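Visitor: I should like to understand how the terms used for a protein model are justified. May we go through them one at a time?

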Amino acid sequence: MKKKLLSILVILSLVLSLMPASAVFAFPSSTWGDAGVYDVSWYGDGSASTFTVSTPAGLAGLAHLVGSGVTFANKTVTLGAAISLSGKTWMPIGTDGNPFKGIFNGAGYAITGMSVYGAAPYMGLFGLTDS
């Protein structure tokens, strides 16, 4: 009986390990990087040295700007409120070709509900940073 149960568990684990992650975990179908979802209005003309982001769409706007080549070098982005990223997949801030080079100040606020999509090793709130 124990051998049979163990055999079933081994087979089940092997089958699950062969399945793609999308079959096991339900990822949201839309991303914060989709057109019309992100907000870059807080950035203005980009001439300021400090910026405040207070919404999920604003944080997604930061990811969009950095992905478009805005480095934020010598600039500070401060979180102005707690942010929930649930409901959409997060696209990390900064890529191999476009790293974030600024200062990010969380100001003690939490960012919750994040489901990350990206290519390892660039996964997380930030994909790639550089000083």
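Guide: We may begin with Phe72, bearing in mind that this is a predicted model. Phe72 has a relative accessibility of 2% and therefore counts as buried.

Visitor: What makes Phe51 count as buried?

Guide: Buried means under 20% relative accessible area. Phe51 has 4% relative accessibility, so Phe51 counts as buried.

Visitor: Why is the pair of Phe51 and Phe72 called edge-to-face?

Guide: Two conditions apply: ring centres must lie within 6.5 Å for a pair, and planes over 60 degrees apart count as edge-to-face. The centres of Phe51 and Phe72 are 5.8 Å apart and their planes stand at 85°, so the pair is edge-to-face. Phe51 belongs to strand β1 and Phe72 to the loop between α3 and β2, so the pair ties together parts 21 residues apart in sequence.

Visitor: What makes Trp42 and Phe51 an edge-to-face pair?

Guide: The limits are again 6.5 Å between centres and 60 degrees between planes. For Trp42 and Phe51 the values are 5.7 Å centre to centre and 75° between the planes, which is edge-to-face. Trp42 and Phe51 are both buried. Ring pairs also join these residues into a cluster, whose members are Trp42, Tyr43, Phe51, Phe72, Phe100, Phe104 and Phe126.

Visitor: How do you know that Lys88 lies over the face of Trp32?

Guide: The charge must be within 6 Å of the ring centre and within 35 degrees of the ring normal. Lys88 is at 5.2 Å from the ring centre of Trp32 and is assigned to the face of that ring.

Visitor: Why is helix α3 described as largely enclosed?

Guide: Of the 12 residues of α3, 9 are buried, so the helix is largely enclosed by the rest of the structure. Among the buried residues are Leu59, Leu62 and Val66. Their cover includes β1, β2, β3, β4, β5 and β6.

Visitor: How does the span of α3 agree with what is expected?

Guide: Helix α3, residues 56–67, reaches 17 Å from its first C-alpha to its last, close to the 16 Å expected at 1.5 Å a residue.

Visitor: Why are β1 and β5 said to stand at the edges of the sheet?

Guide: The open sheet has 3 strands in the order β1-β2-β5, with parallel pairing. β1 and β5 each have a single partner strand, so one side of each is left without a neighbour in the sheet.

Visitor: What makes β2 and β5 a pair?

Guide: At least two bridges are required. β2 and β5 have 3 bridges in the parallel sense, and Thr78 has Asn105 in β5 as its bridge partner.

Terms used. Residues are numbered from 1 along each chain as its sequence is written. This is a predicted model: local features need pLDDT of at least 70, side-chain atom pairs count only at pLDDT 80 or more; totals for chains, interfaces and linings use all residues. Side-chain values use heavy atoms; hydrogens and water are left out. Helices (H or I, at least four residues) and strands (E, at least two) are DSSP runs, numbered from the N terminus. The expected span of a helix is 1.5 Å times one less than its number of residues. Buried means under 20% relative accessible area, exposed over 50%, partly exposed in between (1.4 Å probe, protein chains only). Contact means heavy atoms within 4.5 Å. Rings of Phe, Tyr and Trp (its six-membered ring) pair if their centres lie within 6.5 Å; planes under 30 degrees apart count as stacked, over 60 as edge-to-face and the rest as tilted.
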